[in-house]
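This briefing sets out the fold, the pockets and a few selected residues of one protein. The sequence and the model follow, and the notes after them are grouped by topic.

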Amino acid sequence: MADLDGLKDGKDYGIGTPVQEQPFFLKGSNHLDWGMQNRLSRLFNPKSGRTVMLAFDHGYFQGPTTGLERIDLTIAPLMPYADVLMCTRGALRTSVDPALGKPVALRCSAGQSILTELSNEYISVEMEEALRLNASALAAQIYIGAEHEHQSIKNVTKLIDAGTRYGIPTLAVTGVGKDMARDARYFGLATRIAAEIGAHFVKTYFVEKAFETVTHGCPVPVVIAGGKKIPELDALTMAYRGIDQGAAGVDMGRNIFQSDSPKAMIQAVGAVVHELMRPERAFEMYQDLKAQGA
C-alpha cells in the first residue's frame, strides 16, 4: 500500500493562468502525435530547426563506390559530427556502433542497381524490422515522371501508413532519372506530391534558379541532397544558399566522404547549417581543420 502519511492536498493550480502550450518548432508538424514529434526532434535540432544528415546508403544500388569501400574505416569517424545517419539496415548492423546514440533514417527501398532502371523499386524493410532497429525515420525514393512513377508513389504511401501506426516519420527522397529535368518546376512538383501523400519531410536537389519556390511550395521540411562530388567551397555555398532559401538542412554524402578531409568538411557543413556561417568563412574553417589533421 502507498504511504499516505503526510500527504498534502494540492493548492497551486495556477487558476487564471492559461495552460502553457508551445507550437512545435518544425514546419508542418504541429498536429502530429507526441511520438512522431519526439522522433522529429531527434532528427532536427530544436534550437536551429535544421539538420545535417550523413548519407552513406549509396551502396544499395551503386555497390562499393569511392569512399564507401570500408564504412568502418571511412564513415564511422564522421558519425559523431552528424545529426542523423542515413543508411541501410545492412550498413547499420555491420558498421554502426549501437552505443553511438545517433538517430537513423533507415533506407527502406531497394530492388534495382545502376545497371537497370533506377525507378523500379519496392519496399524492402518490414515495419517490424524498422522497429527492431529503432529507426527514427523511414526513407524511400519517389520518382515523379519516371517509368515506375506509380509504383514509387505506392511504395512511399505504404511506408507512410506503416510508420504512422507506430509514430515513425517518413522521408520521401525525390529520385531523378538521368534524362529528367532538374529545375525548380520539376522539384516543386515532386516535393509537393511527396508532402501531399503524407511524407513528413522531403529530400530534394538544390537548383540555382528559384529554389525558394520549391521550399515555400512544400508544406513540410525540405533537406537538400549533396549530389555528386564538387569542390568543397562550392558544396558549402550550395548548403548555405539552400538554407538561406528555406531548406531545413542537408543530407550530404559524397561531398563529405569523398572530400580531401571528410572530418573537416562535415564540421564546416555543420557550421553552415546550424550557425548560418557564410561559405567563405566555413571554407576557411575547413582548411584550418584540414591543416590540423582533422
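**Barrel and strand pairing**

In strand β2, V84 is the residue that M53 stands opposite. The model is predicted. M53 and V84 are one position in the contact between β1, residues 51–55, and β2, residues 84–87, two parallel strands joined by three bridges. The wider setting is a barrel closed by eight strands with parallel pairing, in the order β1-β2-β3-β6-β7-β8-β9-β10. On average, and with direction ignored, neighbouring strands of this sheet are turned by 25° against each other.

Strand pairs along the barrel:

- Strands β2 and β3 run parallel and are joined by three bridges; within this pair, M86 stands opposite A105 of β3.
- Strands β1 and β10 also pair in the parallel sense, over four bridges. Here T51 stands opposite G249 of β10.
- Strand β9, residues 222–225, pairs with β10 in the parallel sense over two bridges. The bridge partner of A225 in β10 is D251.
- As a general point, strands of a sheet pair through backbone hydrogen bonds, in either a parallel or an antiparallel arrangement.

**Covered strands and a packed helix**

- In a regular strand, side chains alternate between the two faces of the sheet.
- Strand β10 is covered on both faces: G249 and D251 are buried on one side, and V250 and M252 are buried on the other.
- Strand β3, residues 104–107, is likewise covered on both faces, with V104 and L106 buried on one side and A105 and R107 buried on the other.
- Two residues named above for their pairing with neighbouring strands, A105 and D251, are thus found again among the buried residues of β3 and β10.
- Helix α6, residues 149–165, packs on the sheet, where it touches β6 (137–142) and β7 (170–174). The direction of helix α6 makes about 165° with that of β6.

**Pockets**

- What is the volume of the largest pocket? The value is about 1,100 Å³.
- The lining of the largest pocket comprises 41 residues, and those nearest its centre are V176, R182, Y205, G227 and R254.
- Four elements, α2 (59–62), β7, β8 (201–205) and β10 (249–252), each supply at least two residues of this lining. Strand β7 is also one of the strands touched by helix α6.
- By class, the lining of the largest pocket has 17 nonpolar, 12 polar and 12 charged residues.
- The second largest pocket has a volume of about 260 Å³. It is lined by 15 residues, with L92, P98, K102, V104 and L133 nearest its centre.
- The lining of the second largest pocket divides into eight nonpolar, three polar and four charged residues.
- V104, one of the residues nearest the centre of the second largest pocket, is also one of the buried residues of strand β3.

**Residues with positive phi**

- Most residues other than glycine have a negative phi.
- A210 has a phi near 65°, a positive value in a residue other than glycine. It is found in the loop between β8 and α8 (211–216).
- A210 counts as partly exposed because its relative accessibility is 28%, between the limits of 20% and 50%.
- L276 likewise has a positive phi, near 55°, and is not a glycine. This residue lies in the loop between α11 (262–275) and α12 (279–291).
- At a relative accessibility of 43%, L276 is therefore classed as partly exposed.

**Two residues of the N-terminal region**

- I15 lies in the segment before α1 (34–43). Is this residue buried or exposed? I15 counts as exposed because its relative accessibility is 79%, which is over 50%.
- The C-alpha atoms of I15 and A162 are 42 Å apart in space, and the two residues are 147 residues apart in sequence.
- Q37 has its place in helix α1. With a relative accessibility of 15%, under the 20% limit, Q37 therefore counts as buried.
- With residues up to four places away in sequence left out of the count, Q37 touches F24, S29, N30, H31 and L32.
- Q37 and L26 are 11 residues apart along the chain, and their C-alpha atoms are separated by 8.7 Å.

Technical notes. Residues are numbered from 1 along each chain as its sequence is written. This is a predicted model: local features need pLDDT of at least 70, side-chain atom pairs count only at pLDDT 80 or more; totals for chains, interfaces and linings use all residues. Side-chain values use heavy atoms; hydrogens and water are left out. Two strands pair if DSSP finds at least two bridges between them. Axes are lines fitted to C-alpha atoms, for helices over the stretch in contact, and angles run from 0 to 180 degrees between N-to-C directions. Contact means heavy atoms within 4.5 Å. On a 1 Å grid over the protein atoms alone, a cavity is a set of points where a 1.4 Å probe fits but cannot get out, and a pocket is an open set with protein on both sides within 12 Å along at least five of seven lines; lining residues have an atom within 4 Å of a point. Grid points are joined across faces, edges and corners, and a volume is the space filled by probe spheres set on the points. Ala, Val, Leu, Ile, Met, Phe, Trp, Tyr, Cys and Pro count as nonpolar, Asp, Glu, Lys and Arg as charged, and the others, Gly among them, as polar. Buried means under 20% relative accessible area, exposed over 50%, partly exposed in between (1.4 Å probe, protein chains only).
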